[in-house]
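Me: I would like to learn how to read a model such as this one, feature by feature, with the general idea stated before the particular case. Could we go through it together?

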Amino acid sequence: MIELQNVSFRYEEKPLLRDLSIRINDGELVTLTGPNGSGKTTLALLLAGILQPQEGEAMIDGIKSSKPKEFEAKRRDVGIVFENPDNQFITTSVERELAFGLENVGIQREEIRKRVEESLKRFSLEDLRFRSPHTLSGGEKQKVAIASILILAPRYLIFDEPTIYLDPPSRRTVLEIVQSLKGTISIIFISQFPSEIIVGDKIYFLTEGILEGPIRKEEILRKNLFKIPFLSFLHVLHEEGIYEETDIPEPDALCDVIETHKKKISYRKTQKNNV
Ligand SMILES: Nc1ncnc2c1ncn2[C@@H]1O[C@H](COP(=O)(O)OP(=O)(O)OP(=O)(O)O)[C@@H](O)[C@H]1O
Ligand SMILES: [Mg+2]
């Protein structure tokens with residue numbers, strides 16, 4: 001279990017996160033969203049134990065961050081995948097990249113070879129094994145980044161907007177990987193894509209340093225809890241009885257939503273004008 005208890009955090013003078021508490025239980029898939037600059041990455045770094053709270057407590061499996069020695073060991077159980085995999089690559093080939101973390105923690109050569117083979121197969125990376133990670137496509141890079149962390153068998157995995165630079169097919173691949181991991185490890189998935197947020201068992205929203213949630217998928221449209229224009233817009237349509245579906249479309253599909261519900265929207269407008 002990873003837990004933040006009444007955590008406050010600021011980089012310089014300006015407070016960013018205020019009195020924030022969150023708990024991620026074993027095997028849970030938690031999603032988090034919020035506008036740019038709301039502190040999502042900062043929250044991810046606090047959960048991963050990379051940043052320390054100035055107030056409150058961060059805990060991994062009950063070990064407090066205020067106990068640096070024990071906490072340091074616990075931190076290894078938490079992996080993190082960032083939005084830009086390029087920053088993560090260290091070696092010159094996919095297979096070396098997969099082996100790197102294992103070599104670092106002193107795993108036997110034979111065991112490394114076995115795990116690398118398994119990982120190449122699992123992520124369909126066999127044909128790319130000798131390629132330099134920097135030469136891969138965005139989707140391939142993110143797959144290698146995820147594989148190189150999963151090979152270390154973390155118990156907790158944080159994804160910080162891993163799909164933001166990917167095209168829709170690659171985004172789907174990443175999401176499929178995440179869903180295939182569901183139940184095996186604890187996952188914190190940060191995204192600004194509605195279709196990705198709703199895969200969470202629990203959904204959190206971060207706005208201006210305040211964390212709201214957990215919220216269930218069915219509740220999203222009923223509440224206007226966030227300053228994400230697209231979702232707020234959809235919420236208004238929902239409240240007006242115009243958008244009655246429970247699915248949440250992607251922002252790219254907004255035109256289709258408007259097109260489909262055009263008649264109802266203009267009917268409401270006429271009704272309002274007549275009042
Ligand atoms: N190392 C730092 N030093 C000073 N300020 C920082 C630092 N890192 C982040 N900030 C500031 O803290 C705020 C929150 O940043 P953070 O990266 O956590 O937000 P975010 O929600 O992840 O944003 P994005 O959606 O753009 O990734 C921003 O105003 C940012 O400028
Ligand atoms: Mg961020």
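**Reading the model**

Reply: We can begin with a single residue, Ile-50, which sits in the loop between H1 and strand E4 (55–60). Please keep in mind throughout that this is a predicted model.

Me: Is Ile-50 buried or exposed, or does it fall between the two?

Reply: The idea is to count neighbours, where a residue is called buried if 20 or more other C-beta atoms lie within 10 Å of its own, and exposed if 12 or fewer do. Ile-50 has 13 C-beta neighbours inside 10 Å, and therefore counts as partly exposed. As for its place relative to another part of the chain, the C-alpha atoms of Ile-50 and Lys-114 are 30 Å apart, with their positions 64 residues apart along the chain.

Me: How does the count come out for Ala-153, and where is that residue found?

Reply: Ala-153 belongs to the loop between H5 and strand E7 (156–160), and because its C-beta neighbours inside 10 Å number 11, Ala-153 is classed as exposed. Its C-alpha atom is separated by 9.2 Å from that of Val-78, although the two residues are 75 apart along the chain.

Me: What does the protein look like as a whole, in terms of its helices, strands and extent?

Reply: The protein has ten helices and ten strands, and its C-alpha atoms fill a box of roughly 75 × 45 × 35 Å along the principal axes. Of its 275 residues, 35% are buried. To read how the chain folds back on itself, one takes the contacts between residues at least 6 apart in sequence, and here 63% of those join residues at least 24 apart.

Me: How should I read the packing of two helices, for instance H3 and H5?

Reply: One asks for the distance between the axes, the angle, the handedness and then the residues in contact. The axes of helix H3 (residues 94–104) and H5 come within 8 Å and cross at roughly 30°; since angles under 35 degrees count as roughly parallel, H3 is roughly parallel to H5. Their crossing is right-handed. On the H3 side the contact is made by Val-94, Glu-97, Leu-98, Phe-100 and Gly-101, and on the H5 side by Val-144, Ala-147 and Ser-148. Sorted by class, this contact comprises five nonpolar, two polar and one charged residues.

Me: Which residues make the contact between H5 and H6, and how do their classes divide?

Reply: Taking the geometry beforehand, the axes of helix H5 (residues 138–150) and helix H6 (residues 168–181) come within 9 Å and cross at roughly 15°, which means that H5 is roughly parallel to H6. H5 passes H6 in a right-handed crossing. From H5 the contact draws on Gly-138, Gly-139, Gln-142, Lys-143 and Ile-146, and from H6 on Ser-170, Thr-173, Val-174 and Ile-177. These residues divide into three nonpolar, five polar and one charged.

Me: Where does Arg-96 lie, and how far is it from Phe-193?

Reply: Arg-96 is found in helix H3, and it is partly exposed because 18 other C-beta atoms lie within 10 Å. The C-alpha atoms of Arg-96 and Phe-193, which are 97 residues apart along the chain, are separated by 32 Å.

Me: Which residues surround ligand 1, and which element supplies the largest share of them?

Reply: A shell is read by listing its members and then sorting them by element and class. Around ligand 1 stand Tyr-11, Leu-16, Gly-34, Asn-36, Gly-37, Ser-38, Gly-39, Lys-40, Thr-41 and Thr-42. Helix H1 (residues 40–47) contributes the largest share, three residues. By class, the shell holds two nonpolar, seven polar and one charged.

Me: What should I look for in the backbone angles?

Reply: Most residues other than glycine have a negative phi, and most peptide bonds are trans. Asn-6, in strand E1 (residues 2–10), has a positive phi near 50°, and with 12 other C-beta atoms within 10 Å it is exposed. Asp-19, which lies in strand E2 (residues 15–24), likewise has a positive phi, of about 45°, and is partly exposed, with 14 other C-beta atoms within 10 Å. For the peptide bonds, Gly-213 and Pro-214 are joined by a cis bond with omega about 0°, and Pro-214 is part of strand E10 (residues 210–215).

Conventions:
Residues numbered from 1 in each chain as written. Chains lettered and ligands numbered in written order. Predicted model: local features only at pLDDT ≥ 70, side-chain atom pairs only at ≥ 80, totals over all residues. Axes fitted to C-alpha atoms, helices over the stretch in contact; angles between N-to-C directions. Helix = DSSP H or I, 4+ residues; strand = E, 2+ residues; numbered from the N terminus. Parallel < 35°, antiparallel > 145°, perpendicular 65-115°, else oblique. Left-handed = near helix turned anticlockwise from the far one by under 90°. Contact = placed C-beta atoms within 7 Å. Nonpolar A, V, L, I, M, F, W, Y, C, P; charged D, E, K, R; others polar. Near = placed C-beta within 6 Å.
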